[in-house]
Amino acid sequence: MSAEVTIAEVERVAELANLELAAEEAAHMQRDLNAILGYVDQLRQIDTSQVEPMAQVGELFVATRTDSRGESLRVDELRPSLQRTDVMDSAPETDGAFFKTPKVIER
Amino acid sequence: MRETMSAQESVGPLRQKPQSIRKLRASLAEGHQRATSLAEGYYARIERFNPQINAYLALTRELAMEQAAAIDAQAAAGNPLPPLAGVPVGIKDVLTLRGVPATAGSRILENYRPPYDATAVTRLRDAGAVLLGKLNCDEFAMGSSNENSAYGPVRNPVALDRVPGGSSGGSAAAVAADLAVATLGTDTGGSIRQPASFCGVVGVLPTYGRVSRYGLIAFASSLDRVGPFAASVQDAAEVLHVLAGHDSLDATSATQPVDDYVAATAQDVKGMKIGIPEEYFGEGLDPEVRAAVEAGIDALRAQGCEIRSIRLRHTQYAIPVYYLVATAEASANLARFDGVRFGYRSSSATNLSSMYKLSREEGFGAEVKRRILLGTYALSAGYYDAYYRKAQQVRRILAEEFRDAFAEVDAIVAPTAPTAAFRIGEKSADPLAMYLADIYTVTASLAGICGLSVPCGATAAGLPVGLQVLGPHFGESAIFRVAAAVERTTQGE
């Protein structure tokens with residue numbers, strides 16, 4: 001678990017996360033990630049072979065809820081959505097109907 | 001009982017206690033006070049002191065004066081006033097208010113104007129509160145000192161060279177300096193309780209699902225919660241009562257009925273069983289903080305609580321679990337900031353791929369990038385089982401440990417943070433040291449239980465100390481009851 005994170009790995013993860021790190025920044029991130037992951041390593045001390053992962057706490061108290069799980073789903077009915085103009089006003093570049101981006105495919 | 005300096009004796013130059021919501025409501029109803037002049041007074045105070053504190057990022061004066069005028073009209077007509085009528089409030093800038101910039105403390109959202117209100121904001125509006133403006137915070141609520149804001153750090157009104165805590169630093173500082181009667185914050189790993197402790201105010205972490213997250217700019221969805229800051233336990237209870245309840249716009253919103261929190265603050269604590277976890281009083285706890293918290297525990301004992309020592313044996317693993325779970329969720333949530341639909345777009349991009357990368361590189365600050373990288377790493381092929389899955393397994397152990405503890409005790413009392421407010425710059429170069437500022441708060445976040453921080457005294461230098469009260473899922477009434485008892489003693493009421 002506690003293999004040192006290399007610069008190449010930092011760059012690979014940055015690529016996955018769509019981040020373009022400056023060279024100096026990548027070195028800082030490598031140092032910080034290694035410090036944090038070194039600390040995180042103590043989790044290895046715990047035997048979790050019999051423990052189910054828990055992604056959401058809701059499962060801990062859903063049994064005590066006054067309704068069944070399904071009743072908290074909202075009714076499937078028409079309701080007004082946001083105004084297109086309000087939403088498009090927030091876009092960096094738009095023709096009013098579509099979001100505009102730089103070229104996707106270079107020719 | 002041990003002698004400690006009371007929170008009120010440590011008043012700093014900018015510290016001022018707001019009038020209580022109950023008194024404010026009565027004086028508006030009786031015509032002794034007008035909501036419009038009250039709001040004007042708050043704006044005058046903000047104009048005077050905000051440049052030093054940097055709590056507010058945007059003011060919504062026009063909206064506030066409209067809301068205040070509507071309350072005055074209702075009062076003049078002799079109509080019954082809604083529960084938060086005329087109460088001047090501020091909103092952490094990770095919550096949306098339609099048409100008003102919501103930056104989340106980030107450059108990437110500098111010009112973003114959300115097209116809808118967060119449910120928590122809607123509920124405040126419907127309850128008659130007057131919305132003064134948006135409050136500074138750590139970028140995307142990631143931080144424990146409010147030094148990660150793209151709009152500059154917030155200063156602690158008690159001591160201007162110190163941090164207010166984070167990430168809801170602006171929300172805590174605004175109440176501490178009476179730049180609002182109450183504020184909204186959010187807490188993912190301690191971001192309400194820790195700044196409440198540092199600024200000497202009350203901050204509440206409601207049970208996961210108790211307050212809707214709709215309109216909250218997401219950091220870690222399984223941990224994020226919205227909650228109030230106020231100057232007293234009763235005021236915090238009044239505000240939470242308005243915020244709490246089911247919302248069909250948040251699929252994790254709970255349907256449990258909402259208790260009468262205000263009534264709980266008036267109940268005595270005689271016979272309540274209070275657990276004191278040994279693990280929260282170990283190495284790293286500042287002796288002055290310990291003394292103040294122990295004085296609070298003595299006060300509870302004197303009021304008839306049964307104080308029991310308990311063990312929460314896996315507590316030391318909470319920080320590692322938290323920084324894996326929270327960053328993994330953040331890396332997914334923050335993928336939406338890509339320069340297409342909203343927010344900042346780099347002007348140097350030449351194609352779609354470079355637009356994504358450069359917009360994110362230029363728009364995000366260092367801590368946000370660090371957490372995105374850590375989270376992406378923990379979720380990536382080859383590391384998922386060792387990090388993310390492992391963290392989720394230990395998260396269950398931590399949650400079950402609390403469940404077992406609450407079978408024995410009604411509430412748990414501990415320090416909120418290991419130290420009082422630290423100096424600006426003191427920890428900003430060392431991410432791990434900063435993460436350890438959350439050591440007593442992250443476990444409750446992971447377990448989804450409720451908690452709060454209430455002032456219980458101060459250090460010799462006059463810095464406030466917060467006492468943390470933790471309760472079981474939907475046990476808000478119990479923690480308000482305990483906190484009110486601590487407050488009665490430490491504030492001599």
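How far apart should the ends of helix α10 (residues 318-333) of chain B be, given 1.5 Å a residue? Keep that one in mind while you get oriented; we'll come back to the helix below. One thing before you start clicking: this is a predicted model.

**Stop 1: chain B as a whole**

Select chain B and colour by secondary structure. You should be able to pick out 16 helices and eleven strands. The radius of gyration of chain B is 21 Å, close to the 23 Å that the globule rule gives for 493 residues, so chain B is as compact as a globular protein of that length. Turn the C-alpha trace along its principal axes and you'll see a span of about 65 × 55 × 45 Å. Now colour by burial: 65% of the 493 residues of chain B count as buried. If you draw the contacts in chain B between residues at least 6 apart in sequence, 77% of them join residues at least 24 apart.

**Stop 2: the two domains of chain B**

Give two colours to the domain assignment. Domain 1 of chain B is made of 7-76 + 85-313 + 397-490, and domain 2 takes 315-389. Put a marker at each C-alpha centre and the distance between the two domains reads 27 Å.

Next, show where the domains of chain B meet: 34 residues of domain 1 are in contact with 23 residues of domain 2. On the domain 1 side, select α14 (431-435) and α15 (442-447) of chain B, the elements that give two or more residues to it. α15(B) gives the most, with four residues. Colour that side of domain 1 by class and you get 20 nonpolar, nine polar and five charged residues.

**Stop 3: back to helix α10(B)**

Select 318-333 of chain B and draw a line between the end C-alpha atoms. Those atoms are 22 Å apart, which agrees with the 22 Å that the 16 residues of the helix should span at 1.5 Å a residue. Turn on the surroundings and α10(B) is mostly covered, with 14 of its 16 residues buried.

**Stop 4: where chain A comes in**

Bring chain A back into view and select the contacts between the chains: 47 residues of chain A touch 57 residues of chain B. On the chain A side, highlight α1 (7-16), α2 (23-40), α3 (58-61) and α4 (84-88), each of which supplies at least two residues. Zoom in on α2(A), which gives the most to this side, with seven residues. Finish by colouring the chain A side by class: 29 nonpolar, nine polar and nine charged residues.

Conventions: Residues numbered from 1 in each chain as written. Chains lettered and ligands numbered in written order. Predicted model: local features only at pLDDT ≥ 70, side-chain atom pairs only at ≥ 80, totals over all residues. Rg over C-alpha atoms; globule rule 2.2 N^0.38 Å. Buried ≥ 20, exposed ≤ 12 C-beta atoms within 10 Å, placed from the backbone. Contact = placed C-beta atoms within 7 Å. Nonpolar A, V, L, I, M, F, W, Y, C, P; charged D, E, K, R; others polar. Expected span 1.5 Å × (residues − 1). Domains from an automatic or database assignment.
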